[in-house]
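Hi,

Here is the structure I said I would pass on. Have a look at it first, and my notes follow underneath.

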Amino acid sequence: MLRGISLLTGILFIGGFLNAQSDSLKFSDDPIAAMLDSLAHNRYIESLPKQQTQHNNKFHYAADSIPTADPAVVESRLAKLNAASPFDLIYNEDVQTYINLYVVKKRPLVEKMLGLSQLYDPIFEEQLDKYNLPLELKNLPVIESALNPSATSHAGARGLWQFMYTTGKMYDLEVSSYVDERCDPYRSTEAACQCLRDLYNMFGDWQMVLAAYNAGPGTVNKAIRRAGGGKKSYWEIRPFLPKETQAYVPAFIAANYVMSYHLEHNLYSAIPRKAFSDIDTVAVKQQVTFSQIEAVLAVSQDELEFLNPEYKLDVIPYSFTEPYKLVLPIDKVGPFVTNEQAIYDYIKKDTAMAAMAIVEVKTTHTVKKGETITSIARRYKCSVTDIRAWNGLKSNYIKPGQKLVIYTPERVSSSTDSDTAEKDPKEKSGSTSTDAQKNSTKTKTSDPDPGKNDPAPNSSGAKYKYYTVKKGDNLYTISKSTGVSVEQLKKLNGFGDHFVMHAGDKIKIAKI
């Protein structure tokens, strides 16, 4: 919003090519259609179940029916909406084009936006009412972002209302390493209402406000000058506006029509993943991660990301001035409030656990009758490749009574490491160069006689170079930065298919 280029732009046109001799030049794609296509496949849209085909089917359409309305009927319906609206919701061919786009070509997306509207419309309506703005503006995010709070345009606009960075800052939206309030449905909606109010105070006409929201007030003022003759209405200056802005108002009118008359076109709301009545907010009084919240409240990280899209790194930071909010399913709010201190205590313990060292635990497994190398790998949560590498096997063949060395990662405190070093002087795995992690590998056995000559990946006393895992790291990024292959990293550290790394962990990257 307030930009020359927004998420709606399907094709960029260079002004030098649009001369008097190029009247026949046409869009290679419609900007609204291009925007809808770009947003048709995202996790917010795709997460919604399919439509409720029979619910509210008051017109008794067949499930696969795509009813269209006579233009005169559409015009009369828009006239009813217009009579109760401060917007000029007129009917013309351009508006009909976008109505057809929604009710014919983009039916699945419209049905899923109808489902998402059950979560976001109450947020929009509350703020629009607070600022005494027309409620029809709740449909502006339909054409801005297809109701995707994480939508990002090629120009950098983000969120339901598509704020550019600088415009977001003008309306006090925080954008930091942890938080992007342009993606916060609550904060961005209030900012959008403030912006729309300011534009109305500037132009005094809602169609002009829409044009200015899309292209910027400077672009609209230039169009007014170019139109000349005192022309100041949107439809009068429309030929002098950018192509995208020429499409913007007809698309907005069409969105209001479709969201009001979807049943008449056999369009039904998808089952909402969450409705507004299903959620509530709590204040968070210390830094917390989504994984920690998942552990204590049994709310999946995917659900937390869906409800809290403003947190960029799945971390809610601590604020000294005003606590950040956490949106939760309503049935989890009570447990959070009741057990708030216990949750924070757990989080502190979990954070302490994350700071603990990882050591390799050696297990000697005796193959039993009926076991396969695959079943053993599954039992120890490692891979078949790992077992073969640890034991120097050239194939997957194993036999009963055969002893296999298995390595699994385990977190231990520094004191535990020291105690282990004193009690178990025969450890074979490599050690770190720090006192806290010397002789950090422990050995356990599932058999009475683990044997002294079992193969191990390293010779006794071998030392390694270590890499400290950073937030956001994975084996691929570590491989790229260190030059050590992913397979070698897994072999050096005994990582199976289901290993977990945390920021602060130290992993081996090479022998010294």
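**What turned up**

Ala146 is buried, with a relative accessibility of 0%. Keep in mind that this is a predicted model, so everything below is computed from predicted coordinates.

Staying with Ala146 for a moment: this residue sits in the loop between helix 6 (140-145) and helix 7 (165-170). Its phi is near 55°, which is a positive value in a residue other than glycine. Asp172 is another one to look at, with a positive phi of about 60° although it is not a glycine either. You will find Asp172 in the loop between helix 7 and helix 8. Is Asp172 buried or exposed? At 61% relative accessibility, Asp172 counts as exposed, whereas Ala146, at 0%, counts as buried.

Now the overall picture. The chain has 512 residues, and 48% of them count as buried. Its secondary structure comes to 21 helices and nine strands. If you take the contacts with a separation of 6 or more, residues 24 or more positions apart account for 70% of them. The accessible surface of the chain is about 24800 Å², and carbon and sulfur atoms hold 52% of that.

Next, the cavities. The count is four cavities of 30 Å³ or more. I went through the second largest one, which has about 50 Å³ of space. Which residues line the second largest cavity? The lining is made up of Leu119, Tyr120, Ile123, Pro185, Tyr186, Ile279, Phe306, Leu307 and Val327. Helix 5 (107-130), helix 8 (185-203) and helix 14 (301-307) are the elements that give two or more residues to this lining. Helix 5 has the largest share, with three residues. By class, the lining has nine nonpolar residues, no polar ones and no charged ones.

Then the cysteines. How many disulfides does the model have? The count is zero. Cys193 is in no disulfide, and the nearest cysteine sulfur to it, that of Cys195, is 9.9 Å away. Looking from the other side, the closest cysteine sulfur to that of Cys195 is the one in Cys193, and at 9.9 Å it is too far for a bond. A disulfide would need the two sulfur atoms within 2.5 Å. As for burial, Cys193 is at 0% relative accessibility and counts as buried. Cys195 counts as buried too, at 1%.

Last one on my list is Trp206, which is found in helix 9 (residues 206-215). With a relative accessible area of 8%, Trp206 is buried, because the cut-off for buried is under 20%. What does Trp206 touch, not counting residues up to four places away in sequence? Its contacts are Pro86, Phe87, Leu133, Pro134, Leu137, Leu196 and Tyr200. There is also a C-alpha to C-alpha distance for you: Trp206 and Val249 are 10.0 Å apart in space and 43 residues apart in sequence.

If you want to pull things up in the viewer, these are the spots I would go through:

- Ala146 and Asp172, for the positive phi values near 55° and of about 60°.
- The second largest cavity, for its lining of nine nonpolar residues.
- Cys193 and Cys195, for the sulfur atoms 9.9 Å apart.
- Trp206, for its contacts, Leu133 and Tyr200 among them.

Cheers

Key:
Residues are numbered from 1 along each chain as its sequence is written. This is a predicted model: local features need pLDDT of at least 70, side-chain atom pairs count only at pLDDT 80 or more; totals for chains, interfaces and linings use all residues. Side-chain values use heavy atoms; hydrogens and water are left out. On a 1 Å grid over the protein atoms alone, a cavity is a set of points where a 1.4 Å probe fits but cannot get out, and a pocket is an open set with protein on both sides within 12 Å along at least five of seven lines; lining residues have an atom within 4 Å of a point. Grid points are joined across faces, edges and corners, and a volume is the space filled by probe spheres set on the points. Helices (H or I, at least four residues) and strands (E, at least two) are DSSP runs, numbered from the N terminus. Ala, Val, Leu, Ile, Met, Phe, Trp, Tyr, Cys and Pro count as nonpolar, Asp, Glu, Lys and Arg as charged, and the others, Gly among them, as polar. Buried means under 20% relative accessible area, exposed over 50%, partly exposed in between (1.4 Å probe, protein chains only). Contact means heavy atoms within 4.5 Å. Accessible areas come from the Shrake-Rupley method with a 1.4 Å probe; for residues, only the protein chains shown count as cover.
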